[in-house]
Amino acid sequence: MSIDGGVSQAVIGESCDPSANHLVRFSDQNPCTTAKKKLVLKNMSNVPLPFKWKIMKPCMKETENDKNRQESQAIDKHSVYSISPSSGKFQPDASFEFEVTSSPIEVDDFHSVAHLVLEKVPVLNSTGNIPQEEDVTSMKVEFKMSSKPFQIMVDPPLLLIPGKRLVGKMYKFRIKIKNNSVSKTWYEWEKSPVIDIQPKSGYLDIDQEESMELNLCGTQAGNFASTVKCHGPFVRVENADIDFGLVRFSCSAVQTITITNLSEVAAVWCLKEALPYNLINIDKGYKEMPSEFQFSPQNGELGAFQKVDVRVVFTPLTCRRVRSVLQCDVLGNPPSYIRATAEVQNPEICILSSNVVLEEVYVDVPVVKEIVLENKTLLSSNISWKQCLGEDSQFCSVKFQPSSCTIGPRERKIFTVSFTGSREGPLNNIVAVCEAQGMEKFIYLSFSGTVRGLEVTFRTETVHTEDQIDIPKEVDENQLSLNYGKTGLGETPKALVILTNKTAIATKFNVAVEYFCAARTPTPPTEGSGKRNIRGNSILARSPNIADPLSKTPTKAQADFCRSLLRDGRGAAFVCRPSCGELLPFQERIIEVTAYTDMWGEYSDHLICKVDGLQDKLIPIFLNVKGCPLNFQMSKEISPVVRFGSHVSGAPPVERVLRVNNTSPCDIRLDWEVYNIDEDDDQLIDLIIDIGDPHPKIIQGNEVVPARQDSGVPLITIDVRQHIGRLENVPFSIKQSQQIVPARKHSDLKVVFNPYSSMKCDVWCSSFSLGFISLDNI
């Protein structure tokens with residue numbers, strides 16, 4: 001370090017700050033005067049070092065702990081010392097010049113310590129491993145100065161005029177005044193009706209002596225004694241500096257400067273910004289720029305012992321750290337200087353992540369993300385989100401919560417953004433715009449990803465797979481199908497259709513059979529449908545209430561339910577449960593498809609699966625029903641046995657009537673054949689040759705020839721089958737060998753027993769009847 005005038009040493013017994021590295025003394029000054037020294041510091045390191053100066057009060061106590069010393073020190077807000085520039089950056093291995101200014105405003109001794117603070121210096125923590133950035137005080141410079149009052153001497157201080165003088169006559173005398181002060185000063189003689197001193201006012205340099213002429217003119221007779229005072233205006237600026245603090249660009253800040261006249265002489269003053277702080281560099285020359293400071297009032301005259309408050313309005317022209325000096329000129333006094341500081345900033349809002357990556361986006365499904373905006377400055381700012389820009393912005397909806405708010409100083413604000421895409425495909429150039437008050441540029445947030453549409457997969461499962469029907473050639477083997485296989489008449493086989501939503505899009509589905517649909521909306525009976533206020537154990541609870549005509553057993557209720565489904569006469573019906581509903585995101589719905597039948601045959605149909613937003617899915621259905629829809633009233637589960645009892649040979653014929661029920665929707669023709677069973681019959685097989693239809697249709701005793709046999713060529717069929725008995729109509733016969741059982745009705749079967757007429761011993765007659773079924777309309 002080097003400074004004008006060199007560094008001083010403390011004398012014995014002098015009070016000093018023991019922590020200071022250097023002591024700098026300023027020469028004695030008079031009040032409202034300014035003295036400057038040039039201070040040069042050199043950065044001995046090879047890295048740039050940001051710094052700032054702090055003017056502190058001296059700490060005279062010796063402490064062992066530096067931390068305790070720092071806590072005991074305080075900023076000297078009324079210090080007469082200032083250093084310019086007060087902050088900046090040391091370049092590597094380079095010198096830096098500072099200007100130290102001393103501006104006392106009263107008579108006193110002034111003592112302050114300037115701390116040079118290096119900002120953000122890496123310092124190891126207590127463990128010695130992890131470096132942390134801290135502000136470190138690298139140097140302390142102690143400043144001392146004494147302010148002395150002005151000393152003006154008049155020679156002679158007393159003027160004795162002996163003898164008598166005439167009234168009205170001018171008498172001239174010579175006097176001298178000398179400036180013994182430490183600075184240049186201004187003087188002014190007060191007015192008197194008798195005495196006039198020329199010159200009346202002027203400047204006196206240090207140690208300057210000036211001869212003056214005193215003119216005395218009496219106005220009345222008598223003794224005369226008078227005192228004429230020589231005054232110099234003494235004006236004090238109460239503010240050593242003014243700090244506008246943090247100022248938002250394009251806004252104004254206001255401070256007040258108080259100027260006080262401490263003398264009996266009127267003072268003419270003017271306030272302005274000092275050179276060179278209001279100069280700008282233009283083409284290697286300097287030009288005065290419009291001042292950013294406005295004073296109200298800017299100049300004026302202060303009477304004796306008066307003061308004035310000057311309103312200073314600061315309106316910045318650029319964003320920067322302002323370090324300026326204001327100059328107060330007083331006629332007859334050297335200028336006074338006031339340091340003016342301000343931090344001019346614009347809000348700086350940044351977004352921590354400028355791109356939102358949407359991993360899984362589905363059509364019309366909102367995706368919620370969080371973004372963070374950070375305020376880098378100490379200024380609050382109002383922000384608001386605008387409409388999105390970009391070529392695909394019309395196919396999406398972006399909502400922010402909150403959509404507008406205020407971000408405080410150094411605040412991090414979390415926003416919730418909800419993105420909804422309305423079209424499938426990749427997102428191209430979608431940008432959300434955020435406007436921040438005070439920022440020239442907008443904040444942009446882009447979105448990237450691919451919007452996916454609805455995707456639903458179908459899968460089928462059948463309970464029984466061993467008897468599945470061969471799929472027709474026109475149906476793809478890899479295609480989904482519901483293959484029930486072979487099932488008995490009246491059974492209710494089930495198959496499953498599994499719908500899986502692979503996306504986050506909720507949708508609705510509807511499942512229906514193309515042709516073999518149920519006759520009504522199915523409401524399957526429950527186990528408790530037959531219970532009507534029945535108390536007791538479980539056995540009684542399952543019994544129908546005989547007193548209630550509506551009470552049914554579960555078996556009866558299930559049979560009635562099946563009949564209601566098949567009442568449209570199609571022979572089969574497929575019922576889907578559930579048949580419709582909502583398919584939630586990523587949900588799997590299992591649809592049970594149950595087959596109900598009341599007629600044999602091979603059935604094929606299509607299950608139509610409709611999902612909102614997708615094309616209809618057709619799933620083939622295959623069902624082979626085996627069994628007979630006819631049954632005897634007397635024995636529905638097994639073939640009945642008709643016993644005719646014992647009869648005398650040659651007795652009249654005996655007739656038995658059996659009711660045959662038809663549960664199918666079609667008229668069924670029965671062709672009966674009676675076979676006798678002989679005990680000594682050892683035949684194994686029968687060879688049956690039929691010319692034409694084995695069981696032709698007979699109407700009014702005439703055989704009806706089908707249309708396919710009109711060509712005149714008879715159809716000959718040969719059948720080899722196991723021998724089951726001897727075909728014969730004696731002694732048992734069917735009264736009507738061919739009968740029609742109407743659909744869903746019944747018909748009577750008459751069996752006749754005609755006893756043998758010439759039998760001499762007991763004969764056991766055993767026969768059975770076979771009924772060959774066919775559809776009546778064939």
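The protein chain comprises three helices and 58 strands in a model that is predicted. Of its 778 residues, 37% are buried, and the accessible surface of the chain comes to about 45,700 Å², with 50% of that area belonging to carbon and sulfur atoms. Among the contacts with a separation of 6 or more, 74% are accounted for by residues 24 or more positions apart.

The confidence of the prediction has a mean pLDDT of 84 over the protein chain, and 88% of the residues reach 70 or more. Residues 281–286 form a stretch in which the pLDDT is below 50, and this stretch has five contacts in the model beyond near neighbours in sequence. The pLDDT is likewise below 50 over residues 528–541, for which eleven contacts are found beyond near neighbours in sequence. Where pLDDT is low, predicted coordinates should not be read in detail.

One open sheet consists of four strands in the order β17-β19-β25-β23, with antiparallel pairing. Its edges are formed by β17 (235–237) and β23 (293–296), each of which pairs on one side only, and neighbouring strands of the sheet are turned by 25° against each other on average, direction being ignored. At the β17 edge, the antiparallel pairing with strand β19 (residues 253–261) extends over three bridges, and Val-235 stands opposite Asn-261 of β19.

Strand β19 also contains Thr-258, whose relative accessible area is 16%. Because this value falls under the 20% cut-off, Thr-258 counts as buried. The side chain of Thr-258 makes a polar contact of 2.8 Å with the side chain of Asp-309. When neighbours within four places in sequence are left aside, Thr-258 is in contact with Arg-236, Val-237, Glu-238 and Asn-239, and also with Lys-307, Val-308 and Asp-309. Of these partners, Arg-236 and Val-237 fall within the residue range of the edge strand β17 (235–237), while Asp-309 is the residue that also supplies the polar side-chain contact.

A further open sheet of four strands has the order β47-β48-β57-β55, and here too the pairing is antiparallel. The edge strands, each pairing on one side only, are β47 (630–632) and β55 (732–734), and the twist from one strand to the next averages 30°. Strand β55 is joined in the antiparallel sense to strand β57 (residues 746–753) over three bridges, with Val-752 of β57 as the bridge partner of Ser-733.

Strand β34 (residues 412–421) takes part in two antiparallel pairings that were examined individually. Eight bridges join β34 to strand β30 (residues 367–375), and in this pairing Thr-416 of β34 is the bridge partner of Glu-370. Six bridges join β34 to strand β32 (residues 396–401), where Lys-399 stands opposite Ser-418 of β34. The loop between β33 (404–407) and β34 contains Arg-410, a residue other than glycine with a positive phi near 55°. With a relative accessibility of 54%, Arg-410 counts as exposed, because the cut-off for that class is over 50%.

A positive phi of about 55° is likewise found for Lys-120, although this residue is not a glycine. Lys-120, however, is placed in strand β8 (residues 109–124), whereas Arg-410 lies in a loop. The relative accessible area of Lys-120 is 61%, and the residue is therefore classed as exposed.

Cis peptide bonds were identified at two proline positions, described here in sequence order. The bond joining Asp-155 and Pro-156 is cis, with omega about 0°, and Pro-156 is found in the loop between β10 (152–155) and β11 (170–179). The bond joining Gln-198 and Pro-199 is also cis, with omega about -5°, and Pro-199 lies in the loop between β13 (195–198) and β14 (201–204).

Among the helical residues, Cys-562 lies in helix α3 (residues 554–565) and counts as buried at 17% relative accessibility. The C-alpha atom of Cys-562 is separated by 8.7 Å from that of Gly-490, although the two residues are 72 residues apart along the chain.

Methods: Residues are numbered from 1 along each chain as its sequence is written. This is a predicted model: local features need pLDDT of at least 70, side-chain atom pairs count only at pLDDT 80 or more; totals for chains, interfaces and linings use all residues. Side-chain values use heavy atoms; hydrogens and water are left out. Two strands pair if DSSP finds at least two bridges between them. Axes are lines fitted to C-alpha atoms, for helices over the stretch in contact, and angles run from 0 to 180 degrees between N-to-C directions. Buried means under 20% relative accessible area, exposed over 50%, partly exposed in between (1.4 Å probe, protein chains only). Contact means heavy atoms within 4.5 Å. Accessible areas come from the Shrake-Rupley method with a 1.4 Å probe; for residues, only the protein chains shown count as cover. A polar contact is a pair of N or O atoms within 3.5 Å; within protein, one must be able to donate a hydrogen and the other to accept it, and residues adjacent in sequence count only if both atoms are side-chain atoms. pLDDT is the predictor's confidence in each residue, from 0 to 100.
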